[in-house]
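Please have the model open in your viewer, with selection by residue number ready. The tour goes from the domains to the whole chain and then to the ligand.

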Amino acid sequence: MSDYPSPTFCVMPFLHLSAKTSGALRLCCESPNSDLSPRTMLGKDRVEEIWNGPYYQEVRRKMLNGEKIASCQICYKKEEKGVTSRRMEYNEAWKNKLSPSTWEEITALKNQGIQPTPPQYIDLRQGNICNLKCRMCNSMTSSTFAKEWQELQDSHQTVGFDEENDNLKFSKRMQPWYESELFWKDLEFLAPHLKKIYLTGGEPLLIKNNLKLLKRILELGNRDIEISINTNLTVISEEFLEVFSQFKKATFSLSIDGVGKTNDYIRYPSQWNELERNIFLVTKTPIRLDITYTLQAYNFFDIISFIKWVNRHLVERIDYIDWNILDTPSFLAHTIWDRPRRMSYIQELDAYLKNTENEQNQKFYYKLREKFPLLKAPQASPDECEHFERYTQILDQHRGHKLKEEIPSSPSSLSSKSKEKAV
Ligand code: SF4
């Protein structure tokens, strides 16, 4: 018998609250938008009321009864392709983390969707302040990206990315919900129950409110929390490290999308030497490290170089690698490259992993192997491919880059009929 109450059960709506940079709530960061209606926001609506309000109750009831949820399609689609979904990962992780009695309480059908314990895990993004403008980012998530996008708009260089134009408009109107009295009052309600906090942004180490938030939680007397900060680690402050280290488990989840120029090209204007120095500095502290590698068009043919760097420098020091296969914006996904060329690289990658896998590193790479079906997906539409070329050209011009010079492993044409070899 399954460990879970139903095949659609996900633990997240039973213990988690996730807010976008705008403060809008959704079921988790994997769920693009919430079906919460009207737009439910932190700092405007009380957590206590939202948590057992009609939407959460309905979602929980449906999940316990094996029904599907509209805003969870991303997980169901991955599962249909035989790929491990976030739903499956979260269920497994939290089943191990929670005591058997808490797990039983969560999965009890008798509660009919009411969750008596307040959220134990929160995901907060207190604004979009960021020093980088990663190519796959957007104005809601990076203030620097928003500035560049405005410059491009002012010089009439449109790449037809309408969603990004909307993001730019919205980021200008964004209310600082994280400065509202209600949010800080809600934090007092949440603090005693919290077991995990995930902070991102923007760049969380540049967002002053994150330090304020961590200090406030310490004041409220709960240190028994796992804090995970998703950071580009281009800036670190001693004060932050000192406060951060006071929690039971402090983890930096490093966003790295390649080695050297590959990372700097994607995550512009990151400087690889400085980043590497900061990473090595953190390895000398008790702070735990894991990596989020966003696999996309620009770094697809550079995965092996990245693995070699991890094996050389970090394999003994990291806990986890999250192989995040980019699907938004879709024109930057790895699928813009033709399938034969990708298949040939996957073969090379597979052979490389087989040759180098050992007890120490296989825990990171079996997760990558699990995603091979997604890496082999059919090529994107001609419109998406054209969009990729136009977007890359406009950003390259604006930033003084040339893709092929910065990332030599990138194919120079989108078709495998080109005489050039991909790697
Ligand atoms: S099923 Fe997937 S999208 Fe829905 S809450 Fe769980 S992890 Fe998030």
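How far apart do the C-alpha centres of domain 1 and domain 2 lie? In this predicted model, the two centres are 23 Å apart. To see both parts, select residues 12-114 for domain 1 and 125-406 for domain 2, and give each its own colour. Where they touch, domain 1 contributes 16 residues and domain 2 contributes 21 residues. On the domain 1 side of this contact, the classes are 5 nonpolar, 6 polar and 5 charged residues.

Next, select the whole protein chain and switch to a cartoon view. The chain has 19 helices and 8 strands. Its C-alpha trace spans about 65 × 50 × 45 Å along the principal axes. The radius of gyration is 22 Å, which agrees with the value near 22 Å for a compact globule of 423 residues. Of these 423 residues, 36% count as buried. Among contacts with a separation of 6 or more, 77% are between residues 24 or more positions apart.

Now select the ligand and show the side chains around it. Its shell holds 13 residues, and the closest are Cys10, Cys28, Cys72, Cys75 and Arg87. By class, the shell has 9 nonpolar, 1 polar and 3 charged residues.

Finally, add helix 1 (12-15), helix 4 (73-80) and helix 5 (86-97) to the selection; each supplies at least two residues of the shell. Which helix gives the largest share of the shell around the ligand? Helix 5 does, with 3 residues.

Notes. Residues numbered from 1 in each chain as written. Predicted model: local features only at pLDDT ≥ 70, side-chain atom pairs only at ≥ 80, totals over all residues. Near = placed C-beta within 6 Å. Helix = DSSP H or I, 4+ residues; strand = E, 2+ residues; numbered from the N terminus. Nonpolar A, V, L, I, M, F, W, Y, C, P; charged D, E, K, R; others polar. Domains from an automatic or database assignment. Contact = placed C-beta atoms within 7 Å. Rg over C-alpha atoms; globule rule 2.2 N^0.38 Å. Buried ≥ 20, exposed ≤ 12 C-beta atoms within 10 Å, placed from the backbone.
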